[in-house]
Amino acid sequence: MNLESVRAFVAVAEEGQFRHAATRLGVTQQAVSKRVAALESHLGVALFRRVPTGAVLTGQGESFLPHARAVLMAVRQAVASVRIAGDPLRVDVLRSHLASAEMLRDFHRAHPDIALESVTLAKADAAVRALLDGEIDVAFAYLRSPVEERDPLLTSIPVYVEGLEVVVGARHPLAGAERLRPGDLGPFTAWMPGIVGGSEWGEFYREFGEAFSLVIDSSGPNFGPEALLETIAASNSLTTFVGQKTRLTWPEGETLYRIPLVDPTPTYPWSLVWHSHNRPPGLRDLVAYVRAGFRPPGRASVWLPGGADVPAPQAL
């Protein structure tokens, strides 16, 4: 039985479309179709039923899926068993200027002897898939639902509840305020061109905007944080949002203001996620480090998106 055929089968089963599975695996859709067809021929059964929206598992496919996942897990464990002690811990931080990267940098300062490899995947769904495929060891992410629902072998702990700040230029009426309430932002449009449709942070800002009747505009091309800040600096009406730990570099010659939001403070809940069967060197240290630094917020002073929960983290 070809391992790549098994991997293609699991990818299609989880993505629901051959096209999305091909993107996930980094191959062509035709290659995925051929691999699945070869597996079906080897097994002598149809694993998928093609429908207008993609592909759904047949009864035989549903029966085969947990065993296919077990095969891939066995391979991952075999690879992990011979990983060299000096191999880097592979950590997804989503973006290099976000709080997740800052937490990883802080960990590196405390444990400079632990080798690290920082990666930036598209969103939480991509990180979960990479964890299940053994492509990364651990990820920082905002989880819209318990990750254990996706796979009971995945584990997560809350590590940081990040307060939101609003950024305005010197020409803006709110410039210079020491703090603001979310309701104070109602007359102004927040421009957030970096929001990706279907992303966890996209859902966060959708809920945030609805909760406080704010206009959050995600239209237009995203040319990066520097270009965004140039636009905000020149505007007397636009705002944008950043997390407390987000690293920003002001455009040369421009003045901008980062103003904390209070009463309540909108908060973005970060978690650390890993596969319980994957215990690479450094993982236990990273989990212990972020767990020790976690401080749950006061419930009365913050706004959390629906379904978010931040209990005290458990030990590894």
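A residue counts as buried when its relative accessible area is under 20%, as exposed when that area is over 50%, and as partly exposed in between. The legends below use these words in that sense, and every view is taken from a predicted model.

**View 1. Strand β11 is covered on both of its faces.** In a regular strand the side chains alternate between the two faces of the sheet. In β11, which spans residues 265–275, one side carries Thr265, Thr267, Pro269, Ser271, Val273 and His275, while the other carries Pro266, Tyr268, Trp270, Leu272 and Trp274, and the residues of both sides are all buried. Counted along the strand, 11 of the 11 residues of β11 are buried, and the strand is accordingly described as mostly covered.

**View 2. Strands β5, β6 and β12 are shown with their partner β11.** Strand β5, made of residues 138–141, runs antiparallel to β11 and is joined to β11 by 4 bridges, with Phe140 standing opposite Leu272. Strand β6 also runs antiparallel to β11, here through 9 bridges, and Glu162 stands opposite Tyr268 of β11. The pairing of β11 with β12, by contrast, is in the parallel sense and extends over 2 bridges; in this pairing, Thr265 has Val302 of β12 as its bridge partner.

**View 3. The loop between β10 and β11 contains Asp263 and Pro264.** Most residues other than glycine have a negative phi, and most peptide bonds are trans. The peptide bond that leads from Asp263 to Pro264 is cis, with omega near -5°, and Asp263 itself has a positive phi of about 55° although it is not a glycine. With a relative accessible area of 54%, Asp263 is exposed.

**View 4. Leu94 is another residue with a positive phi that is not a glycine.** Its phi is about 75°, and its place in the chain is the loop between β3, residues 89–92, and helix α5. Is Leu94 buried or exposed? At 5% relative accessibility, Leu94 counts as buried.

**View 5. Aromatic rings bring together parts of the chain that are distant in sequence.** A pair of aromatic rings is described by the distance of the centres and the angle of the planes. The model holds 16 aromatic pairs. One of them joins Phe107 and Tyr289 in an edge-to-face arrangement, with 5.6 Å from centre to centre and 65° between the planes. Because Phe107 lies in helix α5 (residues 99–110) and Tyr289 in helix α9 (residues 283–293), this pair ties together parts that are 182 residues apart in sequence. Phe107 counts as buried at 0% relative accessibility, whereas Tyr289, at 31%, counts as partly exposed. In a further pair, the ring centres of Phe208 and Trp303 lie 5.7 Å apart and their planes stand at 45°, so this pair is tilted. Here the link runs from helix α7 (residues 200–212), where Phe208 lies, to strand β12 (residues 302–303), where Trp303 lies, across 95 residues. Phe208, at 0% relative accessibility, counts as buried, and Trp303 is buried with a relative accessible area of 14%.

**View 6. Phe208 and Trp303 belong to one aromatic cluster.** The other members of this cluster are Tyr142, Phe204, Tyr205, Phe212, Phe241, Tyr268 and Trp270. Two of these names, Tyr268 and Trp270, have already appeared among the buried residues of β11.

**View 7. The largest pocket holds about 620 Å³ of space.** The lining of this pocket is made by 27 residues, and those nearest its centre are His97, Leu98, Met192, Trp201 and Phe241. Two or more lining residues come from each of β6 (154–169), α7, α8 (225–234), β9 (238–243) and β11, with β9 giving the largest share, 4 residues. Which kinds of residue make up the lining? They divide into 18 nonpolar, 7 polar and 2 charged residues.

**View 8. Lys245 lies over the face of Tyr160.** The distance from Lys245 to the centre of the Tyr160 ring is 5.5 Å.

**View 9. A hairpin connects strands β1 and β2.** Strand β1, residues 48–51, and strand β2, residues 54–57, run antiparallel and are joined by 4 bridges. The hairpin passes from β1 to β2 through 2 residues, and Val51 stands opposite Gly54 of β2.

How values were computed
Residues numbered from 1 in each chain as written. Predicted model: local features only at pLDDT ≥ 70, side-chain atom pairs only at ≥ 80, totals over all residues. Heavy atoms only, no water. Pairing = 2+ DSSP bridges. Phe/Tyr/Trp six-rings, centres within 6.5 Å; stacked < 30°, edge-to-face > 60°. Buried < 20%, exposed > 50% of the residue type's maximum accessible area, 1.4 Å probe, protein only. Lys NZ or Arg CZ within 6 Å of the ring centre and 35° of its normal. 1 Å grid on protein atoms, 1.4 Å probe; cavity = no way out; pocket = protein on both sides within 12 Å on 5 of 7 lines; lining within 4 Å. Points joined across faces, edges and corners; volume = space filled by probe spheres on them. Nonpolar A, V, L, I, M, F, W, Y, C, P; charged D, E, K, R; others polar.
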